[in-house]
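Visitor: I'm new here and would like to learn how to read a structure, one feature at a time. Could you show me the model first?

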Amino acid sequence: MDYNFMAVARLPAPDDNVAIATQTLDGGTRIHHNGQEFELSHTILEGHRFAIQSISESSPLLSWGLPFGFATRPIAPGDYVCNRKMIDSLSIRNLPFELPETPNFSDKIEPYQLDEAEFCPGQQVARYTDERCFLGYQRPGDRGVGTRNYIVVMGTTARTSGFARRLAEMCSVGGVCNPDTYPNIDGIVAVTHTEGGESQTPNNIDILLRTLAGFTVHPNIGAILLVDYGTDAVTNEMLQSYMQREGYALDDVVHRFYRLQGSFDTDLANGAGIIDGWLEIVNGVPRTEQSLEYLKIALQCGGSDAFSGVSGNPLAAYVAKEVIRYGGCANLAETDELIGSEAYVLQNVRNLTTARTFLNTIERFKERVAWHGHSAEGNPSGGNNFRGLYNIAIKSIGAAMKRHPDTCLDYVINYSERMEKSGYYFMDSPGNDLESIAGQVASGSNMIFFVTGNGSITNFPFVPTIKIVTTTGRYEMLTKDMDVNAGAYLDGTPMEELGESMLDLTVNVASGERSVGEKAGHSQVSLWRDWKQTGPVDLDPLLSESELKSGEPIPIETADVNPEALQFRALQTEAGCRTDQVGLILPTSLCSGQIAQMIAHRCNQQKIGEKQGISRFVALPHTEGCGVSSGRSEEIYTRTMIGHLTHPTVALGLLLEHGCEKTHNDHVRHEIQNLGISPERYGWASVQLDGGIDAVIEKVQDWFSETLADKPSVPVIDAGLEHLCIAVTSTGAATEEASQSLTQLIYKIVAAGGTVVVPANAAFMTAELSPTLAYGQRVEKVGFHIMETPTDQPTETLTGLGATGVDLALAHIVGAPLQSHVMVPLIQVSTDTATQATYGSDLDSESADVNDLLALIVEVASRQYTPKLHGKGNTDFQLTRGLLGISM
């Protein structure tokens, strides 16, 4: 094939020496460019680059006129340019063509040096003299103007996530907030997160309190209920004191700090009553005409591709510039995704102090990442690679295009620090999209521009998101999930025309028109997660700590123990006796989590598989799989996910990728093949590649229906304890009697041929026993096991236990009850009188008698009893990052 250059490629800047393919081009294709003709050396995927001129060894490869790598050998016109990471990333994608055997450029980028002697202060674009307005919610004091009016239920720590979600759901679905009665209320939503649930004060405590404070006073919130147990490392009192000390306008917000200190049902009723009392107040605030100076735009990109810096980011930058000219402000973030673009970012900056602060922020981020044994330059995900982003430099250069050349960088702020003046801000944050967005919202952003190349479907619960996709092809694939087609610029529409159209859309959405994400009902929250290292350390012991353990059970003497001849009603499957049979939709990253939940809900509504013995469909949304370091934390993530996929109770499982994450479907497929597991056992779907939310939901439902159609029903038989694998744990200071009972329980189950897994952080364990299982490592041999626990966060512990393959878990509780695992029932018992007095109606037993505990276990294993809080939906699922995981 022969093509003229402009028909199949683009140059971001005239002086670039490599071009971006705008479509997949076969190897051998001839390209005509500037009077020369050359042949492509290999097949070039859409978004990948090829040389348009000779590049000598050691010379820079240029895009947007900036270097993103250096040639390791002479590169000829038409050569596919690739580094080692790109070759490795594409090698697991099962592509139908050959890749180059060796790279032809390296990623080495010299650190940017600011020439202070030559520094010239920038100047912000002039403000328009005329006014432009939107219809917004005016808040009292200095809270600003909201683009939405929500009632929020927020968990102060991760421990109250299940309650917050259940209360918001109860009040929203057929609950107290009828939209016909309360037209000025946009909804009741939960804000939950992963932080603050450990016993020790987290290293991110300042970030956590500042973010929760920023959420609380956000202008899009009409009223907020903040929920805690008061027993965690972070409490409502700490947050309230922080807000008062730091000058947050708490008195100007309709709010209530609420402590869970009774039964789950009672607290739900109390919470619903509080919200019911707020409805008239919140609904009494109407939309009024407000200046665009009250618009604060969060500039984000995710699932980026090679065109993000050509079409999508420049379009967002154009509209942000216009908002600033009307007196508003814009917030650029994702610190590690600006490494390599410093020269562009600092071309127009307010003063030397701001320039220094920006560079210091990048160096601080690099240092923190290095403490954990990583490099911030390792940021681009597998999805980024697949769509043409070779390394952090090329990704960063494109990301920096969210600042229009005419727009001056005015301020550099910390994560979730408030924006108090008009202008253009840079906010410190990780490259993890959702964690970064949370900081921007807490800083006051009341509108989000989200640029995506792959087609990320990210939205936030109480701030509208306008999604901008970079190419027409992706827009047509995902029309129902994207707001703006920036690909029209590549097709010939002038940027100014697109910019003015999107500014109109911004004003309309700010005035109440729902974005496509809001119509889809999809949203997620993730805060900048805690990090475990606070300085340089010897990493070798930490690297070995999370390695797989022997898997050999710990010998315990059971000769004097009378094995129980108890039996449970087991489901007799081809794989063995099981306590349950569920359908699992397993999201491969944080961004497909809520869609997995939506699918599970619909499958349950339609009773798919009911005749075949499927009790329910389950989804396991989480915060990992992208925007986080590789290495040990990724190993922990992968084995925990695969542990749940291969869990004994999973009758049928499907992997749901977002499409642009690090741990995409091909990654998981590759990992399970390495374990000798056939990928044909499972279903596979992609939110992006299968056409968006509606299309992928339909595809997955059809797959489960068709796969289960010919599956026979499962017979029920009597089976002994040798067929059970049970987790046993405890919280708080249990009495000696309770500890002895749990120990006797373990002995009896093991003596009967069963398996028990105890987490290393279980409070009742007095003997120091070495773990036989790493966190999330599958049980392969029956007997008594100890599972490693990198943290004492209860939900993380239960998630790791679930991956080992336990059928159910039993915990002795002192203090607040635990959130159950979503898939694995948790029996909660307590002999502590204070716990019984406060939470007795949520306990499954107030006895620690071994026979009583065994009877409960048999009932749950036989599906004759559902643990109370598990059945009421007080559940959660949260992966640990270990000691070396960090957001990037």
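Visitor: How much space lies in the second largest cavity?

Guide: About 80 Å³. Keep in mind that this is a predicted model. With a cavity, start with the volume, then see who lines the space. Here the lining includes Glu624, Tyr637, Lys662 and Arg881. By class, that lining has 2 nonpolar, 5 polar and 4 charged residues.

Visitor: What volume does the largest cavity have, and how many residues line it?

Guide: The largest cavity has a volume of about 170 Å³, and 20 residues line it. Nearest its centre lie Glu195, Glu198, Asp530, Lys532 and Glu796. Its lining divides into 3 nonpolar, 10 polar and 7 charged residues. In total, the count comes to 6 cavities of 30 Å³ or more.

Visitor: Now pockets. What is the volume of the second largest pocket?

Guide: That pocket has a volume of about 990 Å³. It is lined by 39 residues, and the closest to its centre are Ala575, Arg578, Thr646, His647 and Pro648. Sorted by class, the lining of the second largest pocket holds 17 nonpolar, 13 polar and 9 charged residues.

Visitor: Which element gives the largest share of that lining?

Guide: β28 does, with 4 residues. Several elements supply at least two residues each, among them strand β24 (567-573) and helix α19 (632-645).

Visitor: Let's turn to salt bridges. How many does the structure hold?

Guide: It holds 41. To read one, look at how far apart the N and O atoms are, then at where the two partners sit along the chain. Take Arg132 and Asp504, whose closest N and O atoms are 2.6 Å apart. This pair links distant parts of the chain: Arg132 is in the loop between β9 and β10, while Asp504 is in helix α15, 372 residues apart.

Visitor: Are those two buried, exposed or something in between, and why?

Guide: Arg132 counts as partly exposed because its relative accessible area is 22%, and buried means under 20%. Asp504 is also partly exposed, since its value is 35%.

Visitor: Where do Glu363 and Lys366 lie?

Guide: Both are in helix α9 (residues 352-371), 3 residues apart, which is about one turn of the helix. Their closest N and O atoms are 3.5 Å apart in a salt bridge. Glu363 is partly exposed, with a relative accessible area of 44%. For another pair, try Arg30 and Glu39, whose side chains meet at 3.1 Å, N to O. Arg30 has 27% relative accessibility, so it counts as partly exposed; Glu39, at 43%, is partly exposed too.

Visitor: Which residues are linked in a network of salt bridges?

Guide: Glu195, Glu435, Arg529, Glu624, Glu796 and Arg881 are. You've met some of these names already: Glu195 and Glu796 lie near the centre of the largest cavity, and Glu624 and Arg881 line the second largest cavity.

Visitor: Last topic: sheets. In what order do the 3 strands of the open sheet come?

Guide: First, the general idea: strands of a sheet pair through backbone hydrogen bonds, either parallel or antiparallel. Here the order is β2-β3-β6, and the pairing is antiparallel. The edge strands, β2 (9-10) and β6 (49-51), each pair on one side only.

Visitor: Over how many bridges do β2 and β3 pair?

Guide: Over 2 bridges, with β3 covering residues 18-21. To find the spot, look for Arg10, which stands opposite Ile20 in β3.

Terms used: Residues are numbered from 1 along each chain as its sequence is written. This is a predicted model: local features need pLDDT of at least 70, side-chain atom pairs count only at pLDDT 80 or more; totals for chains, interfaces and linings use all residues. Side-chain values use heavy atoms; hydrogens and water are left out. Two strands pair if DSSP finds at least two bridges between them. A salt bridge is a side-chain nitrogen of Lys or Arg within 4 Å of a carboxyl oxygen of Asp or Glu. Buried means under 20% relative accessible area, exposed over 50%, partly exposed in between (1.4 Å probe, protein chains only). On a 1 Å grid over the protein atoms alone, a cavity is a set of points where a 1.4 Å probe fits but cannot get out, and a pocket is an open set with protein on both sides within 12 Å along at least five of seven lines; lining residues have an atom within 4 Å of a point. Grid points are joined across faces, edges and corners, and a volume is the space filled by probe spheres set on the points. Ala, Val, Leu, Ile, Met, Phe, Trp, Tyr, Cys and Pro count as nonpolar, Asp, Glu, Lys and Arg as charged, and the others, Gly among them, as polar.
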